[in-house]
Amino acid sequence: MQLTIFTDTSLRTLMYLGIKENEIITLNEISSVYDVSINHLKKIAWELNKSGYIDSVNGRNGGYKLAQAPEYIQIGNIIRKYENLELVTCMKKDGFCALEPACKLKRALQEALDAYLNVLDQYTLSDLLTNQDELVEALFSDYRTKTFQH
């Protein structure tokens, strides 16, 4: 299963805000670090804000920050919120399958999906940030490190 760019960038945005947990971060900063479109980030920030994962801070020095502590943000919940988990047509609410009820594919895929989500439910944003020094090193080259304070 491959995550959409939206979900992937949402997770990475949360990670960045988690690394800089006590700061207000602009979308321009996140955009430059991850080299993603500012327009795409605006959509992601709007959704993350609407979902209660981040808060927006208005004003001249505005931006975004985590709305809750990283240990309360479950990765499995983010995947459920932003991904289409209907892996095949018959998993959709009104999906049709000519093989129904004899087909065992739906059950096998549901079982695999449940296992996938159960593993992700064991992780919080905080778990993804335990190696914060390494993350900072990975995110910031020499010229960026000078301006980064964590």
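A residue counts as exposed when its relative accessible area is over 50% and as buried when that area is under 20%, with partly exposed in between. Keep those cut-offs at hand for the close-ups below, which come from a predicted model.

**Figure 1. The whole protein, to get your bearings.** This predicted model holds eight helices and two strands. Walking along the sequence, you meet them in the pattern α-α-α-β-β-α-α-α-α-α. The C-alpha atoms fit a box of roughly 60 × 30 × 25 Å along the principal axes. Of the 150 residues, 35% are buried. Take the contacts between residues at least 6 apart in sequence: 63% of them link residues at least 24 apart.

**Figure 2. D35, a residue in the loop between α2 and α3.** Is D35 buried or exposed? With a relative accessible area of 70%, D35 is exposed, because that value is over the 50% cut-off. The backbone deserves a look as well: D35 is not a glycine, yet its phi is positive, at about 55 degrees. For comparison, most residues other than glycine have a negative phi.

**Figure 3. Y34, at home in helix α2.** Helix α2 covers residues 27-34, and Y34 belongs to it. Y34 is partly exposed, with a relative accessible area of 21%. Which residues does Y34 contact once neighbours within four places in sequence are set aside? They are R12, T13, Y16 and L139. For one of these partners, T13, there is also a distance: the C-alpha atoms of Y34 and T13 lie 8.8 Å apart, although 21 residues separate the two in sequence.

**Figure 4. Helices α1 and α4 where they cross.** In general, two packed helices are described by the angle between their axes and the distance between the axes. Here the partners are α1, residues 5-19, and α4, residues 75-82. Their axes come within 10 Å and cross at roughly 145 degrees. The crossing of α1 past α4 is right-handed. On the α1 side, the residues in contact are F6, T7, L11 and L14, and they meet I75, I78, I79 and Y82 of α4. What kinds of residue make up this contact between α1 and α4? Seven are nonpolar, one is polar and none is charged.

**Figure 5. E47, a buried glutamate in helix α3.** You will find E47 in α3. E47 has a relative accessibility of 19% and therefore counts as buried, since the cut-off is under 20%. Leaving out residues up to four places away in sequence, E47 touches F6 and Y82. Both of these partners also take part in the contact between α1 and α4, F6 from α1 and Y82 from α4.

**Figure 6. Helix α5 and its two faces.** The 16 residues of α5, numbered 105-120, reach 23 Å from the first C-alpha to the last, close to the 22 Å expected at 1.5 Å a residue. Three residues to pick out are L113, L117 and L120, which are buried. Why do they lie on the same side of α5? They cover an arc of only 50 degrees around the axis, which puts them on that one side. The general rule helps here: an α-helix has 3.6 residues a turn, so residues three or four places apart point the same way. What covers the buried residues of α5 includes α4. On the face turned away from the buried side, look for R107 and E111, which are exposed.

Definitions and conventions: Residues are numbered from 1 along each chain as its sequence is written. This is a predicted model: local features need pLDDT of at least 70, side-chain atom pairs count only at pLDDT 80 or more; totals for chains, interfaces and linings use all residues. Side-chain values use heavy atoms; hydrogens and water are left out. Axes are lines fitted to C-alpha atoms, for helices over the stretch in contact, and angles run from 0 to 180 degrees between N-to-C directions. Helices (H or I, at least four residues) and strands (E, at least two) are DSSP runs, numbered from the N terminus. A crossing is left-handed if the near helix is turned anticlockwise from the far one by less than a right angle, and right-handed if clockwise. Contact means heavy atoms within 4.5 Å. Ala, Val, Leu, Ile, Met, Phe, Trp, Tyr, Cys and Pro count as nonpolar, Asp, Glu, Lys and Arg as charged, and the others, Gly among them, as polar. Buried means under 20% relative accessible area, exposed over 50%, partly exposed in between (1.4 Å probe, protein chains only). The expected span of a helix is 1.5 Å times one less than its number of residues. The arc is that of the directions from the helix axis to the C-beta atoms.
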